Amino acid sequence: MATVLVVEDDEFVRSAIIRELTGRQHAVRSAGCALDALREISQHPPDAVILDLGLPDLDGSEALRMVRGISDVPVIVATARDDETEIVRLLEAGADDYLVKPFSGGHLGARLDAVLRRARSAPPPQVLRVGGLVVDANRRAAELDGGPLTLTRREFDLLAYLATRADRVVTRKELLTEVWHQAYGDDQTIDVHLSWLRRKLGESASNPRYLHTVRGVGVMLSAPR
């Protein structure tokens, strides 16, 4: 059983989702707007969030950004927007999965079970050190040569994943699956995030210190030699 927060302003849809999830033995709380949802998440942290994008006070994508500012709770976005570019943008902004409306109760239940399994099977937080780079998964903080690194959620996830596999070449497909939680996508998205991360590490693709591209294979994080 999990505690699930349903954020949906349509009372009919909200009631249907609550019935489905309570029927699956989950404890369900609900909110009809983004600000109520943020209050719930901060005061009574749930195990997962079902987030509608069409909220009356804030656009759901902005609400997602605010959720990610206070919590790493798994978020499934429920949207009527089936444009691939928009879906990729939401996943990059921190959504763990998405459902395009209308969807069945069974589909919702299966997606929820999947994100809960991923969250519960995550390795215990740890502090990783690679040369002068320190990655603290518990605090979601990183330092370079004693100074703090200001990273976005996705940049931190990418750095932490590579740090757990230091000195090993990680393929783009693996990054797409394990960091972006997508079965398919554009390599350019990964390259852009790697470029931003390199900039914050004080290096470039042509003059790497920590992030080394292995052409045609992937990328490797290793300490400067």
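How many Å² does the protein chain expose, and what percentage of it do carbon and sulfur atoms supply? I found about 11500 Å² exposed, with 50% supplied by carbon and sulfur atoms; accessible areas follow the Shrake-Rupley method with a 1.4 Å probe, and for residues only the protein chains shown count as cover.

I note that this is a predicted model, in which local features need pLDDT of at least 70 and side-chain atom pairs count only at pLDDT 80 or more, while totals for chains, interfaces and linings use all residues. Residues are numbered from 1 along each chain as its sequence is written, and side-chain values use heavy atoms, without hydrogens and water.

Overall form. I looked up the secondary structure and found eight helices and twelve strands in the protein chain (DSSP runs, numbered from the N terminus: helices H or I of at least four residues, strands E of at least two). The C-alpha trace spans about 60 × 35 × 30 Å along its principal axes.

Burial. I recorded 42% of the 225 residues as buried (under 20% relative accessible area, 1.4 Å probe, protein chains only).

R14. I located R14 in helix α1, residues 11–23. R14 is buried but has no salt bridge (a side-chain nitrogen of Lys or Arg within 4 Å of a carboxyl oxygen of Asp or Glu). Its nearest side chain of opposite charge is E11, 4.6 Å away; Lys and Arg count as positive, Asp and Glu as negative, with His and the chain ends not counted. Leaving aside residues up to four places away in sequence, I listed V6, E8, D9, S30, A31 and G32 as touching R14 (heavy atoms within 4.5 Å).

How values were computed
Buried means under 20% relative accessible area, exposed over 50%, partly exposed in between (1.4 Å probe, protein chains only).
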